[in-house]
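Visitor: Before we begin, I would like each label justified against its criterion.
Guide: Then let us take the labels one by one, with the model in view.

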Amino acid sequence: MTFVSAPAYAWDWYTPHDGYTFADEDYYYLRGVWSSTSVDKYSWWDAWEGELRGTSQAISAYYSGLGSSWGGSFPGRYREYDSNDVMLGMASPHLMSANTTYYAYTYTTPSSGQPGSFSVLLESELCYDYGGLPDPVPRDWETITTFTIPGSASW
Amino acid sequence: MRRFLLAACVLGLAIVVWMVWQPSLSANSRVEGEKVVVYVGGPVTGSVIDYVTGRTSVLKELAAREPDRVLDAIIVLDRFVSPRDADAMTAQWAVQPREVYLALPGEDYSGGTLVESSVQNACQAHLRDFLAMAEEMALRDPENEELQRHAELARKGGLKVYAVQVRGPVAQLALIAEADGVLLVDSFYDAKAQNYAARRGLALTWRVVPLRPDGGP
């Protein structure tokens with residue numbers, strides 16, 4: 001079990017300025033606080049996602065899918081899984097209040113060969129939601145921290 | 001100068017032709033990298049009434065064309081109901097529940113749980129999982145007082161059902177859309193997005209974010 005404190009860093013505007021994450025063999029939890037600058041910049045077409053990605057292998061080496069239950073207080077919350085990441089997202093970050101705690105969690109299904117510990121990175125991702133446009137639009141992301149599961153990180 | 005103008009006109013025409021040729025996406029869908037994401041359960045933006053009217057029309061048109069086609073759909077209720085009532089509703093509608101959506105009315109918390117046997121059992125599983133997570137986070141992340149408050153409300157029986165994801169024939173789904181207590185039956189069907197994804201070889205993801213009866217986020 002490890003605990004990681006990320007170094008002080010100037011996060012991009014869409015990333016929670018303060019947060020905590022924990023994950024173990026069968027669940028992933030994420031809490032964040034966004035600044036007034038973040039909240040003011042978010043528009044209805046934006047979505048935000050906190051993604052867990054393996055550092056040395058795809059996340060599918062550790063989790064084979066999502067577990068039964070999930071929830072939280074992210075506005076317009078959702079969860080997704082693919083071979084690259086396990087994600088907790090919110091479709092309506094513009095509905096957040098500044099300097100307020102929001103959280104989400106999802107249970108996960110461990111893969112059959114899940115090791116006793118493994119390293120992941122937590123990525124903050126901004127998605128532009130210009131519905132109706134015909135082509136992909138740019139997104140932005142940054143790594144918040146790297147930590148070992150089972151374990152936690154705060155920033 | 002004439003050549004420049006001609007080239008500009010040709011380029012402009014090419015852009016217009018390209019834009020017309022591109023299949024557009026609906027307002028509730030977008031491209032994210034290698035996948036097309038379609039939101040179901042409520043509008044990403046705009047009027048709820050317009051969204052409900054539009055999606056109900058799509059479902060009815062589909063039911064007229066392909067009544068036996070089996071689709072997933074999210075049934076969004078116009079009120080919070082107990083897990084027992086949700087079981088009674090899905091039994092009456094003769095559809096198989098696949099996931100139930102629960103919330104604490106008037107609070108920010110909501111979530112979901114896959115249904116294996118009954119909605120009631122799924123809700124019990126959700127409560128058990130939520131409280132287990134909250135108990136662990138009380139030790140690991142004591143700063144999150146909101147989580148502990150939500151857990152206490154859930155422990156006291158506060159979780160209510162507001163949407164159920166089901167699978168059934170389109171004709172049946174269209175009938176459910178008319179039922180008492182139902183705000184919207186939003187099928188996992190979006191011709192524009194599905195054509196767009198197929199044409200470009202992109203994956204398609206349905207992102208379920210049901211409207212809450214209390215207008216909660």
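Visitor: Which residue of β5(B) does G72(A) stand opposite?
Guide: In this predicted model, G72(A) stands opposite S110(B) in β5(B).

Visitor: How do you know that β5(A) and β5 (residues 110-114) of chain B count as paired strands?
Guide: Pairing requires at least two bridges found by DSSP, and four bridges join β5(A) to β5(B), with the two strands running antiparallel.

Visitor: What makes up the side of chain A that touches chain B?
Guide: Taking a contact as C-beta atoms within 7 Å, 33 residues of chain A are in contact with 37 residues of chain B. On the side of chain A, β2 (18-23), β3 (27-33), β5 (63-72), β6 (77-81) and β8 (101-110) each supply at least two residues, and the largest share, five residues, comes from β5(A). By class, the residues of that side divide into 18 nonpolar, 11 polar and four charged.

Visitor: Why is β3(A) called largely enclosed?
Guide: A residue is buried if 20 or more other C-beta atoms lie within 10 Å of its own; six of the seven residues of β3(A) are buried, and therefore the strand is described as largely enclosed by the rest of the structure.

Visitor: Which strands does β3(A) pair with, and how many bridges support each pairing?
Guide: Six bridges join β2(A) to β3(A) in an antiparallel arrangement, with G19(A) having G32(A) as its bridge partner, and a hairpin links these two strands through three residues. Seven bridges join β3(A) to β8(A), again antiparallel, and there V33(A) stands opposite T101(A).

Visitor: How do you know that the length of helix α2 (residues 48-65) of chain B agrees with what is expected?
Guide: At 1.5 Å a residue, the 18 residues of α2(B) should span 26 Å, and because the end C-alpha atoms are 26 Å apart, the value agrees with the expectation.

Visitor: What makes one face of α2(B) the buried one?
Guide: The buried residues of α2(B) are Y51(B), R55(B), L59(B) and A63(B); seen down the helix axis they fall within an arc of 100°, so they line one face. Among the elements that cover these buried residues are α6 (170-176) and β7 (182-187) of chain B.

Visitor: Which exposed residues does the face of α2(B) turned away from its buried side carry?
Guide: With exposed meaning 12 or fewer such C-beta neighbours, that face carries I49(B), D50(B), T53(B), S57(B), E61(B), A64(B) and R65(B).

Note on methods: Residues are numbered from 1 along each chain as its sequence is written. Chains are lettered from A and ligands numbered from 1 in the order in which they are written. This is a predicted model: local features need pLDDT of at least 70, side-chain atom pairs count only at pLDDT 80 or more; totals for chains, interfaces and linings use all residues. The expected span of a helix is 1.5 Å times one less than its number of residues. The arc is that of the directions from the helix axis to the C-beta atoms. Two residues are in contact if their C-beta atoms, placed from the backbone, lie within 7 Å. Ala, Val, Leu, Ile, Met, Phe, Trp, Tyr, Cys and Pro count as nonpolar, Asp, Glu, Lys and Arg as charged, and the others, Gly among them, as polar.
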